[in-house]
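Trainee: Could we go through this model together, one question at a time? I'd like to hear the reasoning and not just the answers.

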Amino acid sequence: MNLPNKITTFRMGCVLVIAFLLLFPWANMGINVPVLFNGVDLIYLITFVLFLVASFSDFLDGHIARKYNMVTNYGKFMDPIADKLLVNSLFIILMVSGPFRIPAWITVIMIARDLIVDAIRLLAAEQNKVLAASFWGKLKTVLQMVALSFVLLNGFPLSFISPLAGSIFCLVLCSLAAFTSLMSGIMYLVKNISVFQDQKKEE
């Protein structure tokens, strides 16, 4: 359990804390959560800060592991799982709750893309092939994190102009992330179509 693996494990812990904060029935328990600005309460602000820390840890653990030659099987396995849990769990939760609710079709695209890419990687691993991350995949991750950050803040700072402006801003960012996610999935499939062809020949 070296430093990068500890950071990855920390990110997994952040996912659990974020899920608890957003799903716990604070009002039903008689706990009054103060609203700070434009429909954003204290819980969402804390979640936003935790999400930023967890997102930065995604960059940090990989950077340390590569720079100091600390890559491990645990990190290879858990790092992508931690990333997907962090992002997709938030998309699911914010689809059904929050000041701005992410449209279901956006969440479906995000999760479907990840399932397809993971299936391709699984087939590649069975054929002893390593598939590198693409530019579209990295861009997708960045846009997802940016979109979720602004959704947690209900479209800040445009929400100060009007609630509608904040909602449109969130929708545009989420739509861009969904489009990029879809494109990255298509590009990944086209680029690695040989994985399916090789398996078919072996059968």
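Trainee: Which element gives the largest share of the lining of the largest pocket?

Mentor: Keep in mind that this is a predicted model. The elements that each give two or more residues to that lining are α1 (3-23), α2 (42-67), α3 (73-96), α4 (104-126) and α5 (135-152). With 10 residues, the largest share comes from α3.

Trainee: And how much space lies in the largest pocket?

Mentor: Start with who is around it: 47 residues line the pocket, and Asp79, Pro80, Asp83, Arg121 and Ala133 lie nearest its centre. The space in there comes to about 1,700 Å³.

Trainee: Asp83 is one of the residues nearest the centre. With which residue does Asp83 form a salt bridge?

Mentor: Look for a nitrogen of Lys or Arg within 4 Å of a carboxyl oxygen. Asp83 has a partner whose closest N and O atoms are 3.0 Å apart, and that partner is Arg11.

Trainee: Why does that pair tie together distant parts of the chain?

Mentor: Asp83 is buried, and Arg11 is buried too. Asp83 sits in helix α3 while Arg11 sits in helix α1, so the pair ties together parts whose separation in sequence is 72 residues.

Trainee: Is Arg11 buried or exposed, if you put a number on it?

Mentor: The cut-off for buried is under 20% relative accessible area. Arg11 counts as buried, because its relative accessibility is 0%.

Trainee: Arg11 also forms a salt bridge with Asp61. How many residues apart in sequence are the parts that this pair ties together?

Mentor: The closest N and O atoms of Arg11 and Asp61 are 3.0 Å apart. Arg11 belongs to helix α1 and Asp61 to helix α2, so the pair ties together parts separated in sequence by 50 residues.

Trainee: What is the relative accessible area of Asp61?

Mentor: Use that cut-off again: buried means under 20%. Asp61 falls in the buried class, with a relative accessible area of 3%.

Trainee: Which residues are linked with Arg11 in a network of salt bridges?

Mentor: You've already met two direct partners of Arg11: Asp61 and Asp83. Put the network together and Arg11 is linked in it with Asp58, Asp61, Asp79 and Asp83.

Trainee: Moving on to Lys140, which side chain meets it in a salt bridge?

Mentor: Lys140 is in helix α5, and its partner is in helix α4, 26 residues apart from it. Lys140 is buried at a relative accessible area of 7%, and the partner is buried at 5%. The N to O distance is 3.9 Å, and the partner is Asp114.

Trainee: How many salt bridges does a search of the whole structure find?

Mentor: The pairs we've gone through include Arg11 with Asp61 and Lys140 with Asp114. Across the whole structure, the search comes back with 7.

Trainee: Asp41 is buried yet has no salt bridge. What is the nearest side chain of opposite charge?

Mentor: Asp41 is in strand β2 (residues 40-41), and its contacts beyond four places in sequence are Val33, Pro34, Val35 and Leu36. A polar atom of its side chain does lie 2.9 Å from the backbone nitrogen of Tyr44. For a salt bridge the limit is 4 Å, whereas the nearest side chain of opposite charge is 11 Å away, and that is Arg101.

Trainee: What about Trp26: which backbone oxygen lies 2.8 Å from a polar atom of its side chain?

Mentor: Trp26 lies in the loop between α1 and β1 (35-37). Leaving out residues up to four places away, it touches Phe20, Leu21, Ile31, Val33 and Ile43. The backbone oxygen at 2.8 Å belongs to Leu21.

Trainee: Where is the residue with a positive phi of about 55° that is not a glycine?

Mentor: That residue is Asn69, which counts as exposed at 70% relative accessibility. Asn38 has a positive phi as well, near 45°, but it is placed between β1 and β2. Asn69 is in the loop between α2 and α3.

Trainee: Last one: which peptide bond is cis, with omega near 10°?

Mentor: Look in the loop between α5 and α6 (163-191), where Pro157 lies. The cis bond runs from Phe156 to Pro157.

How values were computed
Residues are numbered from 1 along each chain as its sequence is written. This is a predicted model: local features need pLDDT of at least 70, side-chain atom pairs count only at pLDDT 80 or more; totals for chains, interfaces and linings use all residues. Side-chain values use heavy atoms; hydrogens and water are left out. Helices (H or I, at least four residues) and strands (E, at least two) are DSSP runs, numbered from the N terminus. Buried means under 20% relative accessible area, exposed over 50%, partly exposed in between (1.4 Å probe, protein chains only). Lys and Arg count as positive and Asp and Glu as negative; His and the chain ends are not counted. A polar contact is a pair of N or O atoms within 3.5 Å; within protein, one must be able to donate a hydrogen and the other to accept it, and residues adjacent in sequence count only if both atoms are side-chain atoms. Contact means heavy atoms within 4.5 Å. On a 1 Å grid over the protein atoms alone, a cavity is a set of points where a 1.4 Å probe fits but cannot get out, and a pocket is an open set with protein on both sides within 12 Å along at least five of seven lines; lining residues have an atom within 4 Å of a point. Grid points are joined across faces, edges and corners, and a volume is the space filled by probe spheres set on the points.
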